[in-house]
Amino acid sequence: MQVVVLAHDQVQVAGTPSELPAPLVTVRGRAFVDWQLDAFVASGARSIVMCVGVGGEEIETHVRRAMDRGLMVAYSYAGTEASGSGSAVRRAYARLEDDFVLTHGDCYLPFDYAAPLRDLRDHPQALATLGVRRKPNPSGAGQLSLDGDWVSKYETGSRSPELDYVDGGVVALRRAALSDVADGAVWGIEALWRRLARQRQLRAFVMPERGYDVRTPEARLELEQHLQGQPHDGPAL
């Protein structure tokens with residue numbers, strides 16, 4: 001299994017003069033990316049592609065030791081121009097396998113990352129299987145609605161009651177879904193989900209529990225509490 005990580009986000013951490021790349025934020029004594037790589041390996045990943053931006057060299061230096069764990073790690077660097085999440089994935093096109101799992105470099109998901117990929121492979125008519133969960137606040141904003149196991153609509157910033165699910169931060173994707181997108185185009189990956197939903201080529205995998213992130217001090221505290229029972233005193237990846 002190949003996992004592609006959108007690792008270009010920056011996070012402000014108290015006591016540092018500038019923002020840090022999210023993968024390098026310390027969580028329970030380890031860089032956050034170490035916890036992510038542990039989860040990827042536990043799910044059967046053997047190939048990782050890190051889509052990096054500012055601070056990419058520091059991420060590469062830190063992750064280099066991951067190869068000792070049997071992982072093959074490649075890097076796709078963003079250019080100096082502004083780009084979006086979709087642009088970053090398209091830039092890595094030559095490194096992508098026929099199907100792969102895509103997630104974010106500031107997101108930790110306590111589940112089997114291979115699950116949406118198995119669903120995608122079981123449904124050849126689909127181009128992607130998106131991890132979703134019910135929105136935590138029934139009156140809050142949602143992002144998508146389902147028709148059985150298919151995403152029937154994907155929107156952002158809407159409080160329509162029919163949008164009763166939210167994007168869970170992980171997707172299994174076929175590389176073919178990117179083949180007609182020009183390299184260098186500036187776009188967000190959500191535009192692809194909207195198109196695939198309209199074409200009924202986007203499946204949904206309902207995630208068994210919530211995910212965590214490192215975007216704010218409060219979110220990092222929640223993640224640390226979740227990780228308390230997990231071993232972390234071995235060598236960092």
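Is F111 buried or exposed? Select F111 to begin: its relative accessibility is 12%, so F111 counts as buried (buried means under 20% relative accessible area, exposed over 50% and partly exposed in between, with a 1.4 Å probe and protein chains only).

Before moving on, note that this is a predicted model, in which local features need pLDDT of at least 70, side-chain atom pairs count only at pLDDT 80 or more, and totals for chains, interfaces and linings use all residues. Residues are numbered from 1 along each chain as its sequence is written, and side-chain values use heavy atoms, leaving out hydrogens and water.

Back to F111, which sits in the loop between β9 (107-108) and α4 (115-122) (helices are DSSP runs of H or I with at least four residues, strands runs of E with at least two, numbered from the N terminus). Leaving out residues up to four places away in sequence, show S43, P116, V170, F205, M207 and P208: F111 touches them (contact means heavy atoms within 4.5 Å).

Next, colour α1, residues 32-42. Of its 11 residues, 9 are buried, including F32, W35 and F40. Just after α1, look for G44, with a positive phi of about 100°.

Helix α1 also gives the most to the largest nonpolar core, with 7 residues. That core has 44 residues, and F40, I48, M50, Y108, Y113 and L223 have the most contacts inside it (a nonpolar core is a set of buried Ala, Val, Leu, Ile, Met, Phe, Trp, Tyr and Cys residues joined through side-chain atoms within 4.5 Å). Finish at another core, lying apart from it, with 31 residues, among them L130, Y154, L178 and W187.
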